[in-house]
Every structure is written in C-alpha cells, then in structure tokens.
Amino acid sequence: MTRVGRVERTTKETSVVVEIDLDGTGQVDVSTGVGFYDHMLDQLGRHGLFDLTVKTEGDLHIDTHHTIEDTALALGAAFKQALGDKVGIYRFGNCTVPLDESLAQVTVDLSGRPYLVHTEPENIAPMIGTYDTTMTRHILESFVAQAQIALHVHVPYGRNAHHIVECQFKALARALRYASERDPAPPGSSPPRRGPLTVSVARAAAGPQTTLDPRFRRAGGEANEVAVSVARAAAGPQTTLDPRFRRAGGEANEVAA
C-alpha cells in the first residue's frame with residue numbers, strides 16, 4: 001500500500017501544493033521563494049527519505065510569514081494523509097543531531113494529539129537571508145497542528161543561527177522517519193519473554209534454614225530466630241537435562257544441579 005499525501009492550499013496570500021511519499025528515497029523538489037526555507041525542506045526530505053514536492057507562491061512583496069506558515073500547514077496535512085490509519089508503524093521516534101557547535105534533540109509521537117514543546121538558545125541572529133529565525137517555532141507549531149502529532153524539540157546549545165535551525169530540521173526528519181517506519185512485529189504481538197529457568201536450590205539438602213527476623217524480639221532486645229522454608233528443600237538436589245551429555249540414543253542425560 002502506497003503512503004502518499006497530497007494537499008493543495010489556496011488563500012488570499014498564498015497558493016501551496018505539497019506531495020509527500022513516506023516510502024521514498026529522499027528525492028526533493030522544493031520552491032517557496034524563501035531560499036533558506038527551501039534548504040530546510042530539502043533537508044527534511046533527504047534525511048527522512050521522503051520523496052517531497054513543495055510548490056508555493058506567496059505574497060513575498062509583504063514578507064515571508066504567510067509563505068512559510070501556509071507551506072508548513074500544508075506539509076503537516078499531507079504528512080497526516082500519507083500516514084493513513086497508522087497500523088503497524090513504530091509510532092515513536094527520536095534523534096539527536098549535532099551540527100558543529102549546535103545540537104538538536106527531537107522526539108516524536110504520532111499520537112493523533114497535537115502538542116509541541118520547543119526550546120532553542122535565545123538571542124540568535126534574527127535573520128538568515130530572508131528567513132526570519134523566529135519562524136522556526138511557528139513552522140513546527142503549524143506542522144504539528146495539521147499532522148496531529150506530539151513533538152518535542154530541544155536545542156540545549158548553539159551559537160550560529162544557521163546551524164541551530166538546520167540541526168532541528170535534520171533531527172526532525174530522522175525522528176519522523178523512524179516513527180513512521182513499519183514495525184516488522186506482527187500486530188498485537190507481545191514483547192519477547194524469557195523461557196522458564198531451571199534454578200538449583202542452594203542449601204536444599206540442609207533442610208529448613210534459620211535467619212534473624214528483627215520484627216520479633218525477646219525482652220532483652222535481641223532478634224529471635226525464625227525458621228525460613230526453602231522451596232522444594234525436602235525434594236533434595238534438583239535435576240535438569242543437559243544437552244552436552246547424551247546417551248547413545250541421542251536423548252539428553254539428567255545431570256544433578
């Protein structure tokens with residue numbers, strides 16, 4: 001089943017077309033008129049291995065706000081559409097990405113409940129070309145609202161504005177990729193469990209053991225001895241089958257534990 005989403009969004013300010021294939025190879029064709037934003041969307045597609053097409057025409061003669069915002073809204077809606085019923089995916093994903101002096105930590109839950117937590121260093125450069133760096137959070141807010149996912153993005157440190165923003169998009173791409181991948185485990189299966197273990201009962205041959213229990217004290221204050229039963233003590237030494245020792249017929253010998 002293909003997982004492709006396509007959204008066309010038209011307002012008084014913008015005209016946006018977004019198409020995304022979650023099972024692509026990272027082929028990207030992006031044009032928004034905002035150079036650095038194009039670069040970030042390119043990183044999102046390439047590192048997420050999403051085939052991504054974005055074509056936006058906006059009122060750039062005013063500023064870049066509407067163009068950036070409406071593109072993010074359409075991208076979130078297309079991503080949600082591509083996810084479909086989400087049956088059989090991992091759902092959760094996280095990734096930490098460094099870019100020189102900057103570091104981004106991203107965790108995502110494809111939960112169907114939109115929620116964003118976003119932190120980044122304060123007082124970073126306000127502009128990267130024509131890209132307003134205060135728009136990064138708004139991009140994430142818009143994407144989360146339409147994709148209906150829970151997203152935590154944390155940049156604990158960084159100096160260069162370009163690096164601070166770019167490592168967020170790269171980490172987001174990887175986290176979305178991991179969360180949206182199909183889980184090979186059969187639906188409804190439980191995590192693997194260890195099989196039963198054969199355990200030797202120490203000191204079994206010695207019979208019931210005694211210990212000091214501080215809950216019971218004589219008048220002088222010293223603890224009484226309380227008998228403690230050792231499970232299966234009366235049965236003596238236990239046996240198990242050891243595959244290293246076999247009879248001529250091939251069956252395993254019993255070896256005393």
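Tyrosine 131, leaving aside its neighbours within four places in sequence, is in contact with Val34, Phe36, Tyr37, Ile68, Pro126, Thr136, Ile139, Val165 and Phe169. The model in which these contacts are found is a predicted one. Tyr131 also belongs to the largest nonpolar core, which has 56 residues. Those with the most contacts inside this core are Phe79, Leu110, Tyr131 and Leu176. Helix α4 gives the most to this core, with 11 residues.

Two of the contacts of tyrosine 131, Thr136 and Ile139, are among the buried residues of helix α3. This helix spans residues 135-147 and has 13 residues. From its first C-alpha to its last, α3 reaches 18 Å, close to the 18 Å expected at 1.5 Å a residue. Which residues of α3 are buried? They are Met135, Thr136, His138, Ile139, Leu140, Ser142, Phe143, Val144 and Ala147. The cover over these buried residues includes helices α1, α2 (65-83) and α4 (161-180), together with strands β7, β9 (131-132) and β10. Just after α3, glutamine 148 takes a positive phi of about 60 degrees.

Strand β10, part of that cover, pairs with β6 in the antiparallel sense and runs parallel to β7. The table sets out the two pairings.

| Strand paired with β10 | Sense | Bridges | Residues standing opposite |
|---|---|---|---|
| β6 (residues 102-109) | antiparallel | 6 bridges | leucine 103 and tyrosine 157 |
| β7 (residues 115-119) | parallel | 5 bridges | valine 117 and histidine 152 |

In both rows, the second residue named in the last column lies in β10. In a regular strand the side chains alternate between the two faces of the sheet.

Helix α1 (residues 35-48) contains glutamine 43. Is glutamine 43 buried or exposed? Its relative accessible area is 9%, so glutamine 43 counts as buried, the cut-off being under 20%. Not counting residues up to four places away in sequence, glutamine 43 touches Gly48, Glu166, Lys170 and Ala173.

The cysteines can be treated in the same way. Cysteine 95 has 12% relative accessibility and therefore counts as buried. Cysteine 167 is buried too, with a relative accessible area of 0%. A disulfide is a covalent bond between the sulfur atoms of two cysteines. How many disulfides does the model have? The count comes to 0 disulfides, the rule being that a pair of cysteine sulfur atoms must lie within 2.5 Å.

Conventions: Residues are numbered from 1 along each chain as its sequence is written. This is a predicted model: local features need pLDDT of at least 70, side-chain atom pairs count only at pLDDT 80 or more; totals for chains, interfaces and linings use all residues. Side-chain values use heavy atoms; hydrogens and water are left out. Buried means under 20% relative accessible area, exposed over 50%, partly exposed in between (1.4 Å probe, protein chains only). Helices (H or I, at least four residues) and strands (E, at least two) are DSSP runs, numbered from the N terminus. Contact means heavy atoms within 4.5 Å. Two strands pair if DSSP finds at least two bridges between them. The expected span of a helix is 1.5 Å times one less than its number of residues. A nonpolar core is a set of buried Ala, Val, Leu, Ile, Met, Phe, Trp, Tyr and Cys residues joined through side-chain atoms within 4.5 Å.
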